[in-house]
Amino acid sequence: MSTTTVPRVTTGRVPHTDDDNGWPQLIDAVRETGLYPTRTKAEQVTRTVLAALGTHVTGDERVDLARALPEEAARLIAAQIPATHRLTAVQFVDSVASRSPGATPATARWDVSSVLSALPPLIGDDLVTRILAQLPAGYALLFGRADLTPAP
């Protein structure tokens, strides 16, 4: 049995403000969570993962997610055309890897976990729960939560 290392989750709250000061703080949270060497790398990863997420969150959850995020992040979510079918968590990570030059499934999983685990302090646990309810099993770990869904 192999073990997988995931980014550390911090408990700090990323404040959201109406003047979009939340974007730099979100990038800083992703940089800290993912241990990225530069803000530029953290921002690139954040943009890629949020764009991918924007294709899979729909309905009220999509609207509420966009409202809870800083303006720049909300635009990334809202600009995406919803997917016609949901990807499994593994397929989602693979799709992020395909959007990132030089990425492997392992580095893409790290990137996805770094971004998605930075979101709960910003958007709240209730919204995370609602988002996870509409996604296939396996996404909870990417958001830094235990996946308590029974295996099929």
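**A helical protein and its nonpolar core**

Leaving aside residues up to four places away in sequence, L50 touches W23, L26, A73, L76, I77, V115 and L119. This leucine is a good place to start in the predicted model, since L50, together with F92 and I123, touches the most other members of the largest nonpolar core. That core holds 42 residues. Its members are drawn from along the chain: α1 (22-34), α2 (39-54), α3 (59-68), α4 (71-78), α5 (89-99), α6 (105-116), α7 (120-123) and α8 (125-134) each supply at least two residues. The largest share comes from α2, with 6 residues.

The fourth helix offers a closer view of how the elements meet. In α4, the buried residues are E72, A73, A74, L76 and I77. Among these, A73, L76 and I77 also appear in the list of residues that L50 touches. The cover over the buried residues of α4 includes α1, α2 and α3.

Stepping back to the whole chain, the protein has 8 helices and 0 strands. Read from the N terminus on, the order of elements is therefore simple to write, α-α-α-α-α-α-α-α, with helices and strands taken as DSSP runs. The protein contains 152 residues, and 46% of them count as buried. Contacts also link distant parts of the sequence: of those between residues at least 6 apart, 67% join residues at least 24 apart. On the outside, the accessible surface comes to about 7,900 Å². Carbon and sulfur atoms account for 57% of that surface.

One loop residue deserves a brief stop. L35 lies in the loop between α1 and α2, and its phi is positive, about 55 degrees, although L35 is not a glycine. Most residues other than glycine have a negative phi. L35 is also exposed, because its relative accessible area is 54% and the cut-off for exposed is over 50%.

How confident is the prediction, and where does the pLDDT fall below 50? The average pLDDT of the protein is 87, and 83% of the residues score at least 70. Over residues 1-19, however, the pLDDT is below 50. Beyond near neighbours in sequence, this stretch has 33 contacts in the model. Where pLDDT is low, the predicted coordinates should not be read in detail.

Technical notes: Residues are numbered from 1 along each chain as its sequence is written. This is a predicted model: local features need pLDDT of at least 70, side-chain atom pairs count only at pLDDT 80 or more; totals for chains, interfaces and linings use all residues. Side-chain values use heavy atoms; hydrogens and water are left out. A nonpolar core is a set of buried Ala, Val, Leu, Ile, Met, Phe, Trp, Tyr and Cys residues joined through side-chain atoms within 4.5 Å. Buried means under 20% relative accessible area, exposed over 50%, partly exposed in between (1.4 Å probe, protein chains only). Helices (H or I, at least four residues) and strands (E, at least two) are DSSP runs, numbered from the N terminus. Contact means heavy atoms within 4.5 Å. Accessible areas come from the Shrake-Rupley method with a 1.4 Å probe; for residues, only the protein chains shown count as cover. pLDDT is the predictor's confidence in each residue, from 0 to 100.
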